[in-house]
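Colleague: I should like to request a close look at a single part of this model. Please take one strand and follow it outward to whatever surrounds it.

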Amino acid sequence: MDHSLRRLYEDLRSVAVAVAYPPGEDRDLLVEQLKRIGCRIHLVWPFPDKPPAGADVVFFQVSQCGQNSFAWSASEVDATLIALSEYETPTTLKQLLKTNAHGVLTRPFRSAGILSTLVLARSAKQFQTRQQNKIDKLESTIKARRVIEKAIRVLMDHQRLDERAAYEHMRTRATGLRVSVAEVAAMIVEASEAMEKLGLGGARPDPHNNSNNGGKA
């Protein structure tokens with residue numbers, strides 16, 4: 001067996017699957033196939049308000065989401081969501097779109113399609129997670145850059161440092177405190193804002209500016 005395929009099966013055997021679907025032949029078929037795959041299964045019924053905690057994958061009856069569909073959005077939970085749909089009506093499709101499910105099975109369920117749906121849904125969830133992590137990292141970087149730029153302006157105004165010297169000052173302090181430059185920048189900005197609230201803000205006078213002594217030498 002191909003190494004990647006073997007790893008896939010090993011991964012599926014460790015997956016905890018919750019099935020939120022009413023008892024009956026459809027659920028029995030689904031559960032039987034999931035057992036063949038090797039998944040650990042937890043049956044949930046009546047339909048819960050929120051996706052079951054601790055599950056890696058949740059198969060759920062999409063028509064039961066109703067007003068609680070916001071709680072079943074793929075963007076709000078860590079689990080892979082696979083919708084189980086009885087009918088392809090406009091109402092059902094609307095509910096399905098709200099959940100942003102990673103996969104869907106439509107009645108009548110067939111054992112042949114469950115494994116492929118599970119694999120593709122898990123892959124979609126992993127891709128979504130990677131993309132979200134990249135977005136979060138980028139937003140964090142942009143936020144940190146803005147704080148650093150604001151702190152540089154504070155140092156330029158209050159300490160009469162040029163831009164490069166202001167940054168080097170923060171970098172030196174960051175090294176000494178064993179924190180990031182962004183954290184030092186945040187301290188500077190917070191301190192500056194606190195001083196302004198106390199009425200102690202304002203730029204430090206420039207000793208080389210003769211305007212403060214009437215222009216006399």
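Modeller: I have chosen β4, where 6 of the 6 residues are buried, so the strand is largely enclosed by the rest of the structure. The model is a predicted one, and the description below should be read accordingly. Both faces of β4 are covered: one side presents Thr80, Ile82 and Leu84, the other Leu81, Ala83 and Ser85, and all of these residues are buried.

The strand has partners in β3 and β5. With β3, the pairing is parallel and extends over 5 bridges; within it, Phe59 stands opposite Ile82 of β4. With β5, residues 103-106, β4 also runs parallel, and 4 bridges join the two. Here Ala83 has Val104 of β5 as its bridge partner.

The connection from β4 to β5 involves a helix. Together, β4, helix α3 (residues 90-99) and β5 make a right-handed β-α-β unit. The buried residues of α3 are Thr92, Gln95, Leu96 and Thr99. They lie on the same side of α3, because the arc they cover around the axis is only 105°. Through its buried residues, α3 packs against β3, β4 and β5. The face turned away from that buried side carries the exposed residues Pro90, Lys94 and Leu97. After α3 comes Asn100, which has a positive phi, near 55°.

The surroundings of β4 can also be described through the nonpolar cores. In soluble globular proteins, nonpolar side chains tend to be buried together. The largest nonpolar core in this model has 18 residues, of which Val17, Leu30, Leu34, Phe59 and Leu118 touch the most other members. Two or more residues of this core come from each of β1 (16-20), α2 (25-37), β3 (57-61), β4 (80-85) and α4 (111-158). A second, separate core comprises 16 residues, including Ala18, Val44, Val77 and Ala83. Ala83 is thus a member of the second core, while β4 as an element gives two or more residues to the largest one.

Within the largest core, Leu34 is among the residues that touch the most other members. Leaving aside neighbours within four places in sequence, the contacts of Leu34 are Val17, Val19, Cys39, Ile41, Phe59, Ile114 and Leu118. Phe59, in contact with Leu34, is also the residue that stands opposite Ile82 in β4, and this returns the description to the strand with which it began.

Definitions and conventions:
Residues are numbered from 1 along each chain as its sequence is written. This is a predicted model: local features need pLDDT of at least 70, side-chain atom pairs count only at pLDDT 80 or more; totals for chains, interfaces and linings use all residues. Side-chain values use heavy atoms; hydrogens and water are left out. A nonpolar core is a set of buried Ala, Val, Leu, Ile, Met, Phe, Trp, Tyr and Cys residues joined through side-chain atoms within 4.5 Å. Buried means under 20% relative accessible area, exposed over 50%, partly exposed in between (1.4 Å probe, protein chains only). Contact means heavy atoms within 4.5 Å. Two strands pair if DSSP finds at least two bridges between them. A crossover is right-handed if, with the strands pointing away from the viewer, the path from the first strand over the helix to the second runs clockwise. The arc is that of the directions from the helix axis to the C-beta atoms.
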